[in-house]
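Colleague: I should like a close look at a single part of this model, namely its largest pocket, together with the parts of the chain that surround it. Please set the description in the context of the whole chain.

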Amino acid sequence: MSIENKAKFGSTISIGKNLIFKNIELIKETKSKYVIMEFWGNDCDYNWKEISENPDGEYLPNTPLPKFIESINTIIEKFRANGIEPILTNLPPLSSQKYFDWFAKNGLNTDNIKKWMGNIDRIYKHQETYSLALMDIANKQKCDLIDIRTPIILEQN
């Protein structure tokens with residue numbers, strides 16, 4: 001089996017969808033039966049710089065959940081229409097505090113970010129919502145799912 005990684009650091013589902021649609025003929029030429037889809041982490045992230053500058057604003061994640069779900073379903077349909085079976089992955093769990101410390105170290109106003117969030121644990125719950133949506137899509141679309149989240153959670157406990 002050969003594996004070709006087309007990942008691009010910082011990509012969101014919108015970028016991935018555009019690349020897939022633009023390159024579907026090249027993908028078909030590989031005669032691959034399967035494609036593993038895993039590029040979700042940036043979708044549920046926020047523009048922390050904007051939040052740190054104005055914690056009283058209203059902010060959406062990079063890809064709001066309804067658009068995220070719609071885009072994944074569209075990609076699944078595109079692959080299947082071209083004879084390729086998508087395999088989804090869910091999201092690995094993250095540590096709210098470690099993730100907060102990582103992105104906040106870049107000179108952001110952490111007090112403002114904490115004010116907007118209310119509770120740092122909100123990061124974990126928000127990201128988990130996207131992971132649960134992926135699992136639901138896999139179930140409804142009858143896609144195989146590689147569960148990378150559960151083993152990590154079990155290992156941490």
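Modeller: The account below begins with the chain as a whole, turns to the largest pocket, and then takes up selected residues and salt bridges.

The model is a predicted one. Its chain has seven helices and three strands, and from the N terminus on these elements follow the order α-β-α-α-β-α-α-α-β-α. The C-alpha trace spans about 50 × 35 × 25 Å along its principal axes. Of the 157 residues in the chain, 38% are buried. The accessible surface amounts to about 9900 Å², and carbon and sulfur atoms account for 52% of that surface. As for the contacts between residues at least 6 apart in sequence, 80% of them join residues at least 24 apart.

The largest pocket has a volume of about 1800 Å³. Its lining comprises 50 residues, and those closest to the centre are Asn5, Lys6, Ala7, Ile36 and Glu38. By residue class, the lining divides into 29 nonpolar, 13 polar and eight charged residues. Several elements contribute to this lining: helix 1 (13-29), strand 1 (34-37), helix 4 (96-104), helix 5 and helix 6 each supply at least two residues. The largest share, six residues, is that of helix 1.

Two of the residues closest to the pocket centre, Ile36 and Glu38, also appear among the contacts of Thr89. Thr89 belongs to strand 2. Thr89 counts as buried because its relative accessibility is 5%, under the 20% limit for that class. Residues up to four places away in sequence aside, Thr89 touches Ile36, Met37, Glu38, Trp40, Leu134, Leu145, Ile146 and Ile148.

Leu91 is placed in the loop between strand 2 (85-89) and helix 4. With a relative accessible area of 2%, Leu91 is likewise buried. When neighbours within four places in sequence are left aside, the contacts of Leu91 are Trp40, Gly41, Gln127, Tyr130, Ser131, Leu134, Ile148 and Arg149. Trp40, Leu134 and Ile148 are thus found in the contact list of Leu91 and in that of Thr89. By way of contrast, Leu91 and Glu29 lie 29 Å apart in space, C-alpha to C-alpha, with their positions 62 residues apart in sequence.

A further buried residue is Thr63, whose relative accessibility is 2%. Thr63 is located in the loop between helix 2 and helix 3. Neighbours within four places in sequence again being left aside, Thr63 is in contact with Thr12, Ile13, Asp43, Phe68 and Tyr130. Tyr130 is also one of the contacts of Leu91.

The charged pairs complete the picture. Side chains of opposite charge can pair when their charged atoms come close. The structure holds six salt bridges, and three of them are described here, beginning with the pair formed by Asp56 and Lys115.

In that pair, the closest N and O atoms are 3.1 Å apart. Asp56 lies in the loop between helix 2 and helix 3 (65-81), whereas Lys115 lies in helix 5 (residues 110-117), so the salt bridge ties together parts of the chain that are 59 residues apart in sequence. Both Asp56 and Lys115 are exposed. Helix 5, as noted above, is one of the elements that supply at least two residues to the lining of the largest pocket.

Helix 6 is another such contributor to the lining, and a salt bridge joins the side chains of Asp136 and Lys140, at 3.0 Å from N to O. Asp136 and Lys140 are four residues apart in helix 6 (residues 122-141), so about one helical turn separates them. Asp136 is partly exposed at 36% relative accessibility, while Lys140 is exposed at 63%.

In helix 2 (residues 48-53), Lys49 and Glu53 are also four residues apart, about one turn of the helix. Their side chains meet in a salt bridge with an N to O distance of 2.5 Å. Lys49 is partly exposed, its relative accessible area being 48%, and Glu53 is exposed at 54%. Glu53 is classed as exposed because its value is over 50%.

Notes. Residues are numbered from 1 along each chain as its sequence is written. This is a predicted model: local features need pLDDT of at least 70, side-chain atom pairs count only at pLDDT 80 or more; totals for chains, interfaces and linings use all residues. Side-chain values use heavy atoms; hydrogens and water are left out. A salt bridge is a side-chain nitrogen of Lys or Arg within 4 Å of a carboxyl oxygen of Asp or Glu. Buried means under 20% relative accessible area, exposed over 50%, partly exposed in between (1.4 Å probe, protein chains only). On a 1 Å grid over the protein atoms alone, a cavity is a set of points where a 1.4 Å probe fits but cannot get out, and a pocket is an open set with protein on both sides within 12 Å along at least five of seven lines; lining residues have an atom within 4 Å of a point. Grid points are joined across faces, edges and corners, and a volume is the space filled by probe spheres set on the points. Ala, Val, Leu, Ile, Met, Phe, Trp, Tyr, Cys and Pro count as nonpolar, Asp, Glu, Lys and Arg as charged, and the others, Gly among them, as polar. Contact means heavy atoms within 4.5 Å. Accessible areas come from the Shrake-Rupley method with a 1.4 Å probe; for residues, only the protein chains shown count as cover.
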